[in-house]
Amino acid sequence: MFSYKRASLMILICYSFYNPTDSGAVQITQSNIDMVLASNEVVFINFYAEWCKFSNMLMPIFDDAAEEVTKAGYDTGKVVMGKVDCDKEASIATRFHISKYPTLKLFRNGLPAKKEYRGQRSVEAFAEFIKKQLTDSIITFSSLKELQELTEDKRHIIGYMDRRDQPEYEMLRKVAANLKDECIFHAGFGDASQQMHPPGQPVVVFRADTKTSTEPDETFRGNLLNFDELYHWIQQKCIPVVREITFENAEELTEEGLPFLILFHHPTDSESVKKYKDIISRELQDEKEKINFLTADGLRFEHPLHHLGKSVSDLPLIAIDSFRHMYLFPNYSDMEIPGKLKEFLQDLYSGKLHREFHYGPENPQVVTNDIKVTTPPESTFKKLAPSKNRYTLLRDEL
């Protein structure tokens, strides 16, 4: 009897010390999630499982951070920190593709950010992260001359406005919050932009990265007061078919699960990048659901070159990383031959690249039993994917 009472007392003490459903972050369920996402500009959610030790370690920290954010006094509708019990709310976990615990996701204006939060997990770090999300993402210019000095290797969205308090600017600000990692946003008001738009009719313009693109400036022709319309136009412009892979975004790109077609180039060589982008845009637009078109600084990503038996002196060159193996496009200059790059991709899809690397070129007229089996270089970019050791995986994955 004594041991039973003692055990009961210990359970009661543990429960009283921390109950994950009654403090800090807002408990999100199927019945309130859409309302929470729709009524708050920023929502930061901890997807957890009560049986997961890492979830239990994080929960009190996350709840304390939620209380700190509440104390910060942000306006109603600005921010909510929430938590989802994924065992009880399996439909929510499925909806947002949660496969490991705990997973921290940010939502802006109802839309999930492309990558999970992977920063420091402390009260101070979470509070600072929220503060950063609510900072205005738009840079104000005071004269048109400043727009002549924009960074050439970045994409820009430029708003020509009458006043900061007009609704079109507020809509642009919301879109900028969602896409600030993809483009740099600028806005000018009054005298700074009056030459660029009729009075009372704000204008929003996209400017490509002029260092590696020949695209002219393009004006948005839709409704500036329609979030979805403006968001999708800017998203299309700011997230191009061809992207640059860096050590900072490699995790995010590998998580998309698509093989990479990569142009490795010298950082001072912008001409090969322009040619590559032009060919992808002209010939391979219909392949973008099957493969990620990327460029990579061949000096920073020298290691994959060595896997291919190449060095910096061989740049520029093109290769596929399938996340199992790497395959070299035989001759860089052949990419300008219509259909050559597409044929390279088709050979990946059909398995021909893999077969030919093992057994040599496929030639039905030549039959030989003297086949030397080889192994293509292993993928190097799969090693940049998120580590599974930082989380508890779903039970059916163990």
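I'll start with one contact between strands: in β14, the bridge partner of L261 is F293. Keep in mind that this is a predicted model.

L261 belongs to strand β13, residues 260-265, and six of the six residues in that strand are buried. The cover is on both faces. F260, I262 and F264 are buried on one side, and L261, L263 and H265 are buried on the other.

Now the neighbours. Strand β14, residues 292-297, pairs with β13 in the parallel sense, over six bridges. Helix α9, residues 271-283, joins β13 and β14 in a right-handed β-α-β unit. What about strand β15, residues 317-321? It pairs with β13 in the antiparallel sense, over five bridges. There, L263 has I318 of β15 as its bridge partner.

On to the pockets. The largest has a volume of about 1600 Å³. It is lined by 47 residues, and the closest to its centre are K154, R155, D181, E182 and N249. By class, that lining has 22 charged, 16 nonpolar and nine polar residues.

The second largest pocket holds about 1000 Å³ of space. Of its 31 lining residues, Q236, I239, P240, V241 and V242 are the closest to the centre. Which elements give two or more residues to this lining? They are α7 (227-238), β12 (242-244), α8 (250-255), α9 and β14. The largest share, four residues, comes from α9. So we meet two parts of the β-α-β unit again here: α9 and β14 belong to that unit, and both contribute to this lining. The classes in this second lining are 14 charged, nine nonpolar and eight polar.

How values were computed: Residues numbered from 1 in each chain as written. Predicted model: local features only at pLDDT ≥ 70, side-chain atom pairs only at ≥ 80, totals over all residues. Heavy atoms only, no water. Buried < 20%, exposed > 50% of the residue type's maximum accessible area, 1.4 Å probe, protein only. Pairing = 2+ DSSP bridges. Right-handed = clockwise from strand over helix to strand, strands pointing away. 1 Å grid on protein atoms, 1.4 Å probe; cavity = no way out; pocket = protein on both sides within 12 Å on 5 of 7 lines; lining within 4 Å. Points joined across faces, edges and corners; volume = space filled by probe spheres on them. Nonpolar A, V, L, I, M, F, W, Y, C, P; charged D, E, K, R; others polar.
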